[in-house]
Amino acid sequence: MVRLRLQRFGKKNWPFYRLVAADARSPRDGKCLEYLGTYNPLPTKHGEKFVTLNYDRIKYWLVVGAQPTDRVAKLLGGANILPFKPEYRFKEPKEKKE
């Protein structure tokens with residue numbers, strides 16, 4: 001199964017991510033099938049977070065059955081590639097069994 005997910009780059013406390021299509025069994029920063037874009041979560045002094053996406057290739061991978069992770073689905077929802085659903089906004093914490 002192919003997943004659309006983020007690979008982490010950058011230094012300690014300065015993250016930078018690549019959006020990639022990768023096999024679900026490969027490690028997070030391991031080998032990928034294709035690079036699809038970038039995401040910089042640190043805001044600039046104007047409060048902007050930069051995202052670059054290759055729309056055509058992302059749509060191709062979604063059509064052939066690739067599953068995005070929750071964070072990637074949120075990014076793609078903001079770019080109007082996927083429908084932005086309320087479940088992408090917040091993840092409910094699991095209740096602990098006593």
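This is a short tutorial dialogue on reading a predicted protein model.

Me: Where do I start? How many helices and strands does the protein have?

Reply: Start with the inventory. The secondary structure comes to 2 helices and 5 strands. Then read the order. From the N terminus on, the elements run β-β-β-β-α-β-α.

Me: In what order do the strands stand in the sheet?

Reply: Order in the sheet is read across the strands. Here the sheet is open, with 5 strands in the order β4-β3-β2-β1-β5. The pairing is mixed.

Me: Which strands stand at the edges?

Reply: Look for strands with a single partner. They are β4 (50-53) and β5 (67-68), so one side of each is left without a neighbour in the sheet.

Me: Take one pair of strands. In which sense do β2 and β3 pair, parallel or antiparallel?

Reply: Antiparallel. Strand β2 covers residues 14-23 and strand β3 covers residues 34-40, and 5 bridges join them. For a single position, take Arg18: Thr38 in β3 stands opposite this residue.

Me: Where do the helices lie with respect to the strands?

Reply: Ask which strands each helix crosses, then read an angle. Helix α1 (residues 55-63) lies across β1 (2-11), β2, β3, β4 and β5. Its direction is at about 115° to β3. Helix α2 (residues 70-78) also lies across β1, β2, β3, β4 and β5, and runs at about 95° to β1.

Me: Which residues of α2 are buried?

Reply: First, the general idea. An α-helix has 3.6 residues a turn, so residues three or four places apart point the same way. Now the case. In α2 the buried residues are Val72, Ala73, Leu75, Leu76 and Gly77. Their cover includes β1, β2, β3, β4, α1 and β5.

Me: How much of the whole protein counts as buried?

Reply: Of its 98 residues, 31%. The accessible surface comes to about 7,600 Å², and 52% of that belongs to carbon and sulfur atoms.

Me: And contacts along the chain? What share joins residues at least 24 apart?

Reply: Count contacts between residues at least 6 apart in sequence. Of these, 31% join residues at least 24 apart.

Me: Now side chains. How many aromatic pairs does the structure hold?

Reply: A pair of aromatic rings is described by the distance of the centres and the angle of the planes. This structure holds 2 such pairs. In one, the rings of Tyr17 and Tyr39 have centres 6.2 Å apart and planes at 25°, so the pair is stacked. Tyr17 lies in strand β2 and Tyr39 in strand β3, so the pair ties together parts 22 residues apart in sequence. The other pair is Tyr60 and Trp61. Their ring centres are 5.4 Å apart and their planes stand at 70°, so this pair is edge-to-face.

Me: Are those aromatic residues buried or exposed?

Reply: Read the relative accessibility; under 20% counts as buried. Tyr39 has 10%, so Tyr39 is buried. Trp61 has 12%, so Trp61 is buried too. Tyr60 has 39% and counts as partly exposed.

Me: Back to Arg18. Which rings does Arg18 lie over?

Reply: Look for a charged side chain over a ring face. Arg18 lies over the face of Phe9, at 4.5 Å from the ring centre. Arg18 also lies over the face of Tyr35, at 4.5 Å from that ring centre.

Me: What about the backbone? Where is phi positive in a residue other than glycine?

Reply: Most residues other than glycine have a negative phi, and most peptide bonds are trans. Positive values are therefore worth a look against that background. One case is Asn13, with phi near 65°. Asn13 lies in the loop between β1 and β2. Its relative accessible area is 63%, so Asn13 is exposed. Another case is Asn80, with phi near 60°. Asn80 comes just after α2. With 69% relative accessible area, Asn80 is exposed as well.

Me: What else is found in the segment after α2?

Reply: Pro83 is there. At 53% relative accessibility, Pro83 counts as exposed. Compare sequence and space for Pro83 and Ala73: they are 10 residues apart in sequence, and 8.8 Å apart from C-alpha to C-alpha. Ala73 is one of the buried residues of α2.

Note on methods:
Residues numbered from 1 in each chain as written. Predicted model: local features only at pLDDT ≥ 70, side-chain atom pairs only at ≥ 80, totals over all residues. Heavy atoms only, no water. Pairing = 2+ DSSP bridges. Helix = DSSP H or I, 4+ residues; strand = E, 2+ residues; numbered from the N terminus. Contact = heavy atoms within 4.5 Å. Axes fitted to C-alpha atoms, helices over the stretch in contact; angles between N-to-C directions. Phe/Tyr/Trp six-rings, centres within 6.5 Å; stacked < 30°, edge-to-face > 60°. Buried < 20%, exposed > 50% of the residue type's maximum accessible area, 1.4 Å probe, protein only. Lys NZ or Arg CZ within 6 Å of the ring centre and 35° of its normal. Areas by Shrake-Rupley, 256 points an atom, 1.4 Å probe, with all protein chains shown as cover.
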